Amino acid sequence: MASTKTKTDEFIRLEEEYGAHNYHPLDVVISKAQGVWVWDVEGRKYLDFLAAYSAVNQGHAHPRIRRVLIEQSEKVTLTSRAFRTDQLGPLYKEVHEQTGYARMLPMNSGAEAVETAIKAARKWGYKIKGVPADKAEILVFTGNFHGRTTTIVGFSDDESYKDGFGPFTPGFTLLPYGDLEAVRAAMNPNVVGILVEPIQGESGIHIPPAGFLQGLRKLCDEQRALLIADEIQSGLGRTGKLFACEHEGVRPDIMIIGKALAGGFYPVSAILADDEVMGVFRPGEHGSTFGGNPLGCAVAREALKVLVEERLIENSAKLGDYFIEKLRGIQSKNIKEVRGRGLWIGVELVAEAGGARRYCEALEQKGLLCKETHVDTIRFAPPLCITREDLDWAFERISAVFNELG
């Protein structure tokens, strides 16, 4: 009898046999992507409704970004920061013109950028604010997700992120997300910063109460602390603004960016800040061999231009409102809440629904790829180049799955 084993089965077998088991992906093996569409090794086509957790806001394999990647790779890719390159200064200037921040410190992964922000805030606290040595405190929030380093997971309230990785770094105080009074009560002279996601993504697209970010800004101003916004997922157009903080007219002291900063072609992250904060770093005190490399800089420059020139931020705002309204019209006893901003949407299910993963698996069978988060929430975050027609196509399949599964 002929074997029924597929290419998909073989690639899954290789992953399971030789890779670490720290992920639980859907069993689709992608081999090609373009725009909002991806294809698996069997040739099946899917609409990507995750956008690599917002890393490909510009769409997969964007031709402009790809062209720059190829051109720069033929010139120089890496020198380390021992030397200057012709891509770094222009990137700094363009980011300054786009965001208003005086300075940029580039890294690679999002977690590295968060660690950089923590170091900057602590050093600012000691050198500028005058906090006693080793007493700096940073306020953080329940439901947070800022990365996977041992320092960062140490201030998570998700025990699965922390199990087996202690001891953890002191100096962080965990407070309820959205509770301004709890923040007010926790403020003291040793607080050097408040680290917050203006919208929490990994926890299920949670939007804080109106005025929360403005309240944090005011408390930081009153108590001389730094407001630090992690916009690695929420920034660069995902919510219909360049940064999610703009929905409340708030300007953080430190802005953390990554993911879509390079359009999915290369890992590039950064912190943005003005001179008082960025000036605490002196040569040799912080750095990265790959951070600010010419290939990453060239890609990031073009990725940012694509976001603006192709009006992807505006597209997110307009189509996000449209799609959220359509999703809220689905009649299902298993939907607890639909929440979102721009093209960043969480559909939370009731506990009796049996978890969000089975809905994601059913959607995969219909050609739509998304992923569950925190058991009961389906997260929708398509590339920002998506069209209304694509969203209507997706909605038909989402409606069908809820008709089938309840």
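**Exercise 1. Determine the burial of Cys360 and the disulfide status of the cysteines.**

*Solution.* Step 1: Cys360 is buried, because its relative accessible area is 0%, where buried means under 20%, exposed over 50% and partly exposed in between, with a 1.4 Å probe and protein chains only. The model is predicted, so that local features need pLDDT of at least 70 and side-chain atom pairs count only at pLDDT 80 or more, while totals for chains, interfaces and linings use all residues. Residues are numbered from 1 along each chain as its sequence is written, and side-chain values use heavy atoms, with hydrogens and water left out.

Step 2: The structure holds zero disulfides, a disulfide being a pair of cysteine sulfur atoms within 2.5 Å.

Step 3: Cys360 is in no disulfide, and its nearest cysteine sulfur, that of Cys370, is 3.8 Å away.

Step 4: Cys220 is likewise buried, at 1% relative accessible area. The closest cysteine sulfur to that of Cys220 belongs to Cys245 and is 11 Å away, which is too far for a bond.

**Exercise 2. Describe the surroundings of Arg357.**

*Solution.* Step 1: Arg357 is found in helix H13 (residues 357–365); helices (H or I, at least four residues) and strands (E, at least two) are DSSP runs, numbered from the N terminus.

Step 2: Arg357 counts as buried because its relative accessibility is 16%.

Step 3: The Arg357 side chain reaches the backbone oxygen of His24 at 3.0 Å and the backbone oxygen of Pro25 at 3.0 Å.

Step 4: Leaving aside residues up to four places away in sequence, Arg357 touches His24, Pro25, Leu26, Lys371, Glu372 and Val375, where contact means heavy atoms within 4.5 Å.

**Exercise 3. Locate the backbone features at Pro167, Ser54 and Arg311.**

*Solution.* Step 1: The peptide bond from Gly166 to Pro167 is cis, with omega near 5°. Pro167 is placed in the loop between helix H7 (159–162) and strand S6 (172–175).

Step 2: Ser54, a residue other than glycine, has a positive phi near 80°. Ser54 is found in helix H2 (residues 51–54) and is buried, with a relative accessible area of 1%.

Step 3: Arg311, also a residue other than glycine, has a positive phi near 55°. Its place is the loop between H11 and helix H12 (312–328), and Arg311 counts as exposed at 52% relative accessibility.

**Exercise 4. Characterise the largest cavity and the second largest pocket.**

*Solution.* Step 1: On a 1 Å grid over the protein atoms alone, a cavity is a set of points where a 1.4 Å probe fits but cannot get out, and a pocket is an open set with protein on both sides within 12 Å along at least five of seven lines; lining residues have an atom within 4 Å of a point.

Step 2: The largest cavity has a volume of about 50 Å³, a volume being the space filled by probe spheres set on the points, which are joined across faces, edges and corners. Its lining includes Leu91, Met107, Phe290 and Cys297. Strand S4 (103–107) and helix H11 (294–309) are the elements that give two or more residues to this lining.

Step 3: The second largest pocket holds about 720 Å³ of space. Of its 24 lining residues, Arg81, Tyr92, Met104, Leu105 and His286 are the closest to its centre. S4 supplies the largest share of this lining, five residues.

How values were computed:
A polar contact is a pair of N or O atoms within 3.5 Å; within protein, one must be able to donate a hydrogen and the other to accept it, and residues adjacent in sequence count only if both atoms are side-chain atoms.
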